[in-house]
Amino acid sequence: MSKIGLHWFRYGLRLHDNPPLLKAIKTCSKVIPLYILDTDYFKPDKVGINRIGFLLDTLKALDSDLRAKGSRLFVAQGNPNEVIRNLIQEHKVELLSFERDTEPYNKHMDNNIIETAKSLNVETFPLWGHTMFDPEYLLEMSNGKAPLTMTSFLTLMSETGDPPKPLDPPESMPSPIDNLKCKDVFVYEGIPTLSDLKGFNFDPKDYTTWFVAGEKEAIKKMTEFLAQKHRVSTFEKPKTLPTALQPDTTALSPYITRGSLSSRLFYHSLKDTLKGMQSSKPPVSLKGQLYWREMAYLIGFSVPNFNQMEGNPICKQIPWLTGEEAKSLLEKWEMGQTGYPAVDAVMNQLRTEGWMHHLARHLVACYLTRGDLWVTWELGRDVFDKHLVDADWSINNFSWHWLSCSAFFHQYFRCYSPVAFFKKTDPNGNYIKKHVPILAKFPDKYIYEPWTAPKGIQTACGCIIGKDYPKPMVDHKFVSKENMDRMKKAYDAGKAKAKNSGEPPAKKLKQNKLGKYAKK
DNA sequence: GAACGCGTTGTGCGA
DNA sequence: TTCGCACAACGCGTT
């Protein structure tokens, strides 16, 4: 047990429930805890300051938690495969542990790194940890085809039972090495701040999210939420408020996504909390929310080209705007300049806080795509991915499919109104007044449609529509109807194509539920 | 094998 | 004010 191990932190930026980290600790006398900032993954022009800032804060918290256990975190920057190859050789590493991932880019990276380690005679432990279940197991249980409806996913969950229990954090950490110096590898001194970041050009004063990062904070937030037993047992997602000034949901998504909180820990803590109580049921309950996440990950893991329309077998082919015209519409949407205060408020909250309520995301995603602007969901997805502190490849792609009626959900005549939708929960427009402050003085009567306010009132409110705040870029009542026609045509064209393609319908696979995962 | 029921979260109208 | 309904659907599972 005099081995030197390298633990590469991926999403699992935590000490609790971290199977590959525990493996390294058990097997090695020295463990190098490493995070690699992969700038091919976090492309500087595609990632915003709140998202990266929250990640750096998470790393800082992890470093501090590791130091409390006798270790520390190293942060390198570069291509993970090259960084790991160089470090293995430089520091005579004999064991490599890391959390496997489901995203195509990371899956490819994992395979390369496993090959690299093999070629250097290094033992590797790539283990699952970011989802509740091993996705390969779930896929095999589903006969190789991920369930595409919540109903069928719930059937799968009834067959798997509870996910494994979360693992405890290690009591202490083996000592790290003194320094990670290595020619050909860029290693930061300590944990980088926003202004330290090589290749990015951030002004720290633009880091405005209110979320406090880290595992301790995540567990504290979870514990506080679960202590509200009535709220937990009666939780129904569709009934929570998108316009609340403080989150009306758990707001744990940034912690689960960045790996500060294990989904298995949340699942089992929730189960313990609700023991012996009546409670709401999936898919609307809190457990249901974990199931939605798990389902999105399984689909992202198994559906080819899930992050694009082309070559994506479950995505309806809809002739969205994609070129320069789309980009100019997209920019107004991203910057909160659509002229619909509800939409602009949500987009402003996205850019400043890095988080919005789920239904607020629905409103703006519908507006950008099938509702109003007819811009491709891929571009909207990128904007969310850039700004969200809970940016999550699988869930983000899943949700944009859903909202644009490209997969999973098809009732395109159920269209969110940028005027009516928020009025139901916020008739006075307090949410708008907070996030679009230039409209703060408008009377409630006009807050959702400020362009209808008489000129005298606009002057008195210090905001002339068309000058200080834009007029609506489209007439929702008109374009939403027009877009429903387009959706109908796109669906019909898809049906005709399927009929003429002569392809036989996919045969059902023979039942083979257990395979290599059969209980012995 | 055809028919039927159902699905996390819409809107606007008329009774 | 509240409720039921129509409006341009699809895929999956059950009967």
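**Annotated residues, the DNA surface and domains of the predicted model**

S253 counts as partly exposed, at a relative accessibility of 27%; in this classification, buried means under 20% relative accessible area, exposed over 50%, and partly exposed in between, with a 1.4 Å probe and protein chains only. The structure is a predicted model, in which local features need pLDDT of at least 70, side-chain atom pairs count only at pLDDT 80 or more, and totals for chains, interfaces and linings use all residues. Residues are numbered from 1 along each chain as its sequence is written, chains are lettered from A and ligands numbered from 1 in the order in which they are written, and side-chain values use heavy atoms, with hydrogens and water left out.

S253 lies in helix α9, where helices are DSSP runs (H or I, at least four residues) numbered from the N terminus. With residues up to four places away in sequence not counted, S253 touches W355 and D390; contact means heavy atoms within 4.5 Å. Both S253 and D390 are listed under "binding site" in an unreviewed UniProt entry, together with T249, T250, A251, L252, A391 and D392. Such annotations may be inferred rather than shown by experiment, and their positions follow the numbering used here.

T250 is found in the loop between α8 (229–233) and α9 (253–257). With a relative accessible area of 16%, T250 is buried. Its contacts include F225 and L286, residues up to four places away in sequence not being counted. The side chain of T250 also reaches the backbone nitrogen of L252 at 3.1 Å.

Around DNA strand C there are 15 residues, of which Q411, Y412, M484, Y491 and K495 come nearest; a residue is near a strand if one of its heavy atoms lies within 4 Å of it. Helix α19 (residues 476–500) gives the most to this surface, with 6 residues. Of the strand C atoms within 4 Å of the protein, 56% belong to sugar or phosphate and the rest to bases. Polar side-chain atoms lie at distances from phosphate oxygens of strand C of 3.4 Å for K316 and 3.2 Å for K495. For K488, an N or O atom of the side chain is 3.3 Å from a phosphate oxygen of strand C.

Chain A is divided into domain 1 (1–129), domain 2 (131–166 + 216–302) and domain 3 (324–460), with bounds from an automatic or database domain assignment. The C-alpha centres of domain 2 and domain 3 lie 26 Å apart. Their contact takes 23 residues from domain 2 and 21 residues from domain 3.

Terms used:
Helices (H or I, at least four residues) and strands (E, at least two) are DSSP runs, numbered from the N terminus. A polar contact is a pair of N or O atoms within 3.5 Å; within protein, one must be able to donate a hydrogen and the other to accept it, and residues adjacent in sequence count only if both atoms are side-chain atoms.
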